[in-house]
Amino acid sequence: MTERIGKTNLKLLLRALLICVLAAGYVSAETQDAPRQYRDQEFGYLFLYPADWKLELLPEGKANLGMRVRLLGPAGSSFVVIVERASQPLSKLEFQSDPKAEKRVEAMMRQTLEQTYRAISKSLGAIEMKVGERRNLSDDYAVKYYLATLNRMKTGSPVVVAGTHAHPFLKDYSVNFIMTAFHRGNAAENQILTAVFNSFRLLDSSSPPK
């Protein structure tokens with residue numbers, strides 16, 4: 001199972017997040033249209049997004065497993081999907097029979113926070129990163145967890161970086177759905193961002209997006 005993000009993919013991620021956060025030129029109004037669905041059959045996940053948001057398919061693909069897609073939302077908010085190769089696939093039986101499974105996930109969360117989220121925070125120029133909620137979401141389909149951080153900036157609104165990190169059982173990769181957004185206290189904007197974030201699903205999951 002992958003427990004650390006490679007340097008190449010981390011650099012790509014940081015570059016994408018910085019571009020999206022600083023690109024204030026792309027501003028979207030709320031849409032009344034039905035949300036669109038992005039589905040990746042190759043790596044088994046999907047998410048929903050407003051029809052007037054900008055979706056970019058990234059060129060890495062099979063040649064360089066890394067960033068698969070980037071979604072640009074209102075006022076610089078963004079979502080990216082990072083696919084990472086796993087060094088050793090994990091089975092559901094192996095994980096669920098492990099008496100230290102909870103500690104194993106806790107260790108993965110700590111490592112992701114230290115290696116990925118702190119690097120993102122530094123690249124954003126934040127003067128402080130506070131770790132918010134961290135939750136083990138593992139189920140019958142994957143080892144999965146949720147992380148959220150709040151980054152205090154020298155000027156302007158704080159920046160939220162949060163992600164769902166899924167390691168599907170018996171697959172040689174992990175899927176990471178990461179959001180970067182300004183924390184402005186706008187209820188309508190927050191509702192849309194939350195809906196997009198919560199729509200992320202593995203295709204093997206029995207729970208369809210709402």
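These are my notebook entries on what I looked up in this structure, which is a predicted model.

**Entry 1: overall make-up**

I started with the secondary structure and got 4 helices and 10 strands for the protein chain. Reading from the N terminus, I wrote the order down as α-β-β-β-β-β-α-α-β-β-β-β-α-β. Next came burial: of the 210 residues in the protein chain, 50% are buried. For contacts with a separation of 6 or more, I find that 58% join residues 24 or more positions apart. The accessible surface of the chain is about 10700 Å², and carbon and sulfur atoms hold 51% of that.

**Entry 2: the open sheet**

I looked at how β1 pairs. It belongs to an open sheet of 3 strands, ordered β1-β2-β10, with antiparallel pairing. β1 (36-40) and β10 (201-202) are the edge strands, each pairing on one side only. Between β1 and β2 (residues 45-49) I have 5 bridges, and the two strands run antiparallel. To fix the register for myself, I noted that Gln 37 sits opposite Leu 48 in β2.

**Entry 3: the β6-β7 hairpin**

Next I moved on to β6 (residues 128-136) and β7 (residues 142-152). They run antiparallel and 7 bridges join them. The two make a hairpin, with 5 residues between the strands. For the register here, I noted Glu 128 facing Arg 152 in β7.

**Entry 4: aromatic pairs**

I searched the whole structure for ring pairs and got 12 aromatic pairs. One of them is Tyr 38 with Phe 47, a tilted pair at 5.4 Å centre to centre with 35° between the planes. How buried are these two, Tyr 38 and Phe 47? Tyr 38 has 13% relative accessibility, so it counts as buried. Phe 47 is at 1%, so it is buried as well.

I also pulled out Tyr 146 and Phe 197, which pair edge-to-face at 5.6 Å centre to centre, with 75° between the planes. Where in the chain do Tyr 146 and Phe 197 lie? Tyr 146 is in strand β7 and Phe 197 is in helix α4 (residues 187-198), so this pair links distant parts of the chain, 51 residues apart. Tyr 146 has a relative accessible area of 16%, under the 20% cut-off, so it is buried. Phe 197 is buried too, because its relative accessibility is 8%.

Then I checked how the rings connect up. Both pairs fall in one aromatic cluster, made of Tyr 38, Tyr 45, Phe 47, Tyr 49, Trp 53, Phe 79, Tyr 146, Phe 177, Phe 197 and Phe 200.

**Entry 5: the largest pocket**

Last, I looked at pockets. The largest one has about 540 Å³ of space. It is lined by 20 residues, and the closest to its centre are Tyr 146, Thr 164, Thr 194, Phe 197 and Asn 198. I recognised two names there from the ring search: Tyr 146 and Phe 197, the edge-to-face pair.

Which element gives the most to the lining of the largest pocket? I get α4, with 5 residues. Elements that each supply at least two lining residues are β6, β7, β8 (159-168), β9 (173-182), α4 and β10. That takes me back to earlier entries: β6 and β7 form the hairpin, and β10 is an edge strand of the open sheet.

Note on methods:
Residues numbered from 1 in each chain as written. Predicted model: local features only at pLDDT ≥ 70, side-chain atom pairs only at ≥ 80, totals over all residues. Heavy atoms only, no water. Pairing = 2+ DSSP bridges. Buried < 20%, exposed > 50% of the residue type's maximum accessible area, 1.4 Å probe, protein only. Contact = heavy atoms within 4.5 Å. Areas by Shrake-Rupley, 256 points an atom, 1.4 Å probe, with all protein chains shown as cover. Phe/Tyr/Trp six-rings, centres within 6.5 Å; stacked < 30°, edge-to-face > 60°. 1 Å grid on protein atoms, 1.4 Å probe; cavity = no way out; pocket = protein on both sides within 12 Å on 5 of 7 lines; lining within 4 Å. Points joined across faces, edges and corners; volume = space filled by probe spheres on them.
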